[in-house]
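I opened my notebook to look up how the parts of this model fit together. My entries follow in the order I made them.

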Amino acid sequence: MNLTLKIWRQKNAKDKGKMVEYPISGIDGDMSFLEMLDVLNEELIEKGDEPVAFDHDCREGICGMCSLYINGEAHGPDRLVTTCQLHMRKFKDGETIYIEPFRANAFPVVKDLVVDRSSFDRIQHAGGYISVNTSGNTQDANSIPIEKEKADAAFNAAACIGCGACVATCKNSSAMLFVSAKVSQYALLPQGEVEAKDRVLNMVHQMDLEGFGNCTNTGACEVECPKGISLENIARMNREYIKASMSK
Amino acid sequence: MASKKGLIRSSIARKLAMALSALFLLFFLLQHLVINFTSVLSEDVFNSWSHFMGTNPIVQVALQPVLLFGILFHFIMGFILELQNNRARSVKYAMNKGGENSSWVSRNMLWSGLFILAFMGVHFADFWIPELVHKYVEVNPEDPTRYYHELQEIFHNPVKVGLYCLAFVFLALHLRHGFQSSLQSVGARNPKFTPGIKKLGLIYSIMVPVGFIFIALFHYLNSL
Ligand code: HEM
Ligand code: SF4
Ligand code: FES
């Protein structure tokens, strides 16, 4: 198929940047979105132009590196997939496709479509872990019985790959879905309960320092999240936070 | 690290404060509707309830300032949040399809809220300011039967009635998102309760505004 791409080009963090139009032809419906961009970049390189910079790593929907705001939606029009798993058959021949970086002041653009999501790393560092003694006498996790329902909910929360689509999609650039997934993943398990209070207080504190907006429960994040992280996690984080700040 | 001020200073605290003020307003609105509704049933009952609300010291000295504070807090906080949220994304998208993932009402709480605020200005000018003048400036002797006639006078004006009805349409939109949003903010969401909360929110956000509109139309049609 033949397409018109409108892509955000920005030389570096300081550059103002602008949308640039690129016609592209011979795209197969079975190509992934990133493969389509690979084709474009080969053409650009052949012409001696600067290729479009974009983030990616695993290309199988597990690492959380790929991003892109495609035709007005984070990870494009498909549901429960990352950009790397989006296929070109989701688009029509002759279509114009807008490709923009994930936008939020807490995700500054590095170059073209690449944004710096280290604000998420700093939130993780603030409490997204459990402290375990690994000196050789670590207890086997399976020796602690855990309710199936809780284990499932923790597992579902742990599916978050930290891509940032929730922030990119949110009209308030709120990071609540991501942070609540990380908080829930541990709060639901006995191993995480020990540090639960400090974790939620510290992670929310760091989230606020990074300059994300305030959640107003529009629910857009849940719809666009490639891993189907539920809003229930946000409600759980709110409960955890209220509990923790009253007793800490 | 995280300070003890979390319940006052954090983003979650702001959400919580917003939700509590909204829940308070939801409760207030319901009692307002119940009292107004008595005007449809009986002039005497309406007068006696209004008289009670207008003269009872607990209502006047304790509840009224709380209500005023609640309203002021709610929309000032709403503005602050909206401003902060806008500032969290300086460069906007060239193409953004909000409608694909969220409801129009949830993305436009400020606009529905602003319309309600404008209406409240008119509403206060119609009922509350004259009430204050009547009681504290002119210091009239209390007449427990005056309320019904005041109400009839306001609802005689078709422009006022139209504006009143329109405002409640906006309130319905505001609450269509607001009801379940406030409960989500206080942490009330799980697979068991959420479907019920959503249904209750739908019923409240339609029935309460419809109730107010019905009362206004009832008195308007009776005045013709
Ligand atoms: C009696 C009148 C009103 C009622 C019953 C009401 C109710 C609500 C409710 C239930 C919410 C959801 C709270 C939450 O998300 O946690 C809300 C949010 C909001 N309201 Fe109102 N409201 C009223 C008047 C107003 C007015 C006058 C404004 C003025 C601008 C306003 C602006 C907002 C805004 C901007 C939000 C979204 C903020 C957020 O969700 O964090 N509201 N309102
Ligand atoms: S919650 Fe979903 S959208 Fe947000 S970072 Fe995690 S996987 Fe990505
Ligand atoms: S490249 Fe790893 S999730 Fe898309």
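**Entry 1: between the chains**

How many residue pairs are in polar contact between chain B and chain A, counting those with both at pLDDT 80 or more? I found 30 such pairs. I note here that the model is predicted.

I then looked for salt bridges between chain B and chain A, and the count is 0. The residues on the side of chain B that touches chain A divide into 13 nonpolar, 16 polar and 11 charged. Charged residues are therefore present on that side under the grouping that puts Asp, Glu, Lys and Arg together.

Next I took the contact count. On the chain B side 40 residues are in contact, and they meet 52 residues of chain A. The two chains bury about 3,900 Å² between them. Carbon and sulfur atoms account for 51% of that area. Which residues of chain B lose the most area to chain A? They are B:Ile12, B:Tyr93 and B:Asn101. Together these three make up 17% of what the chain B side buries.

I also asked which elements of chain B give two or more residues to the side that touches chain A. My list reads α1 (6-9), α2 (11-41), α4 (57-87), α5 (104-107) and α8 (158-185).

**Entry 2: chain B as a whole**

I checked the secondary structure of chain B. I count 9 helices and 0 strands. Read along the sequence, the pattern is α-α-α-α-α-α-α-α-α. For its extent, I took the box filled by the C-alpha atoms of chain B along the principal axes. That box is roughly 60 × 40 × 40 Å.

**Entry 3: ligand 1**

Where does ligand 1 lie? I find ligand 1 between chains A and B. It is surrounded by 23 residues. The closest are B:Ala22, B:His74, B:Phe75, B:His174 and B:Ser181.

I went through the polar side chains one at a time.

- B:His74 has a polar side-chain atom 2.8 Å from a nitrogen atom of ligand 1.
- B:His174 also places a polar side-chain atom 2.8 Å from a nitrogen atom of ligand 1.
- B:Ser185 has a side-chain N or O atom 3.2 Å from an oxygen atom of ligand 1.

The elements giving two or more residues to the shell around ligand 1 are α2, α4, α6 (109-137) and α8 of chain B. Which element gives the most? It is α8(B), with 7 residues. I sorted the shell by residue type as well. It divides into 13 nonpolar, 10 polar and no charged residues.

**Entry 4: the two domains of chain A**

I turned to chain A, which is divided into domain 1 (3-111) and domain 2 (118-247). How far apart are the C-alpha centres of these two domains? They lie 29 Å apart.

For contacts, 19 residues of domain 1 of chain A meet 19 residues of domain 2 of chain A. The buried area between the domains is about 1,400 Å². Of this, carbon and sulfur atoms give 57%. In domain 1 of chain A, A:Leu80, A:Ala106 and A:Phe107 lose the most area to domain 2. Those three together make up 32% of what the domain 1 side buries.

I then looked at the polar side of this boundary. The count between the two domains is 1 salt bridge. In chain A, I also recorded that the side chains of A:Glu224 and A:Arg79 meet in a salt bridge, at 3.3 Å from N to O. The domains have 3 residue pairs in polar contact, both at pLDDT 80 or more. On the side of domain 1 that touches domain 2, I sorted the residues into 11 nonpolar, 5 polar and 3 charged.

**Entry 5: salt bridges overall**

Side chains of opposite charge can pair when their charged atoms come close. Over all chains, the salt bridge count comes to 17.

I picked one pair to follow up. The side chains of A:Asp38 and A:Arg59 meet in a salt bridge, at 2.8 Å from N to O. What does this pair tie together? A:Asp38 lies in helix α1 (residues 33-46) of chain A, and A:Arg59 lies in the loop between α1 and β3 (69-70) of chain A, so the pair ties together parts that are 21 residues apart in sequence.

Key. Residues are numbered from 1 along each chain as its sequence is written. Chains are lettered from A and ligands numbered from 1 in the order in which they are written. This is a predicted model: local features need pLDDT of at least 70, side-chain atom pairs count only at pLDDT 80 or more; totals for chains, interfaces and linings use all residues. Side-chain values use heavy atoms; hydrogens and water are left out. Contact means heavy atoms within 4.5 Å. Buried area is the accessible area (1.4 Å probe) that two parts lose on being put together, summed over both. A salt bridge is a side-chain nitrogen of Lys or Arg within 4 Å of a carboxyl oxygen of Asp or Glu. A polar contact is a pair of N or O atoms within 3.5 Å; within protein, one must be able to donate a hydrogen and the other to accept it, and residues adjacent in sequence count only if both atoms are side-chain atoms. Helices (H or I, at least four residues) and strands (E, at least two) are DSSP runs, numbered from the N terminus. A residue is near a molecule or strand if one of its heavy atoms lies within 4 Å of it. Domain bounds come from an automatic or database domain assignment.
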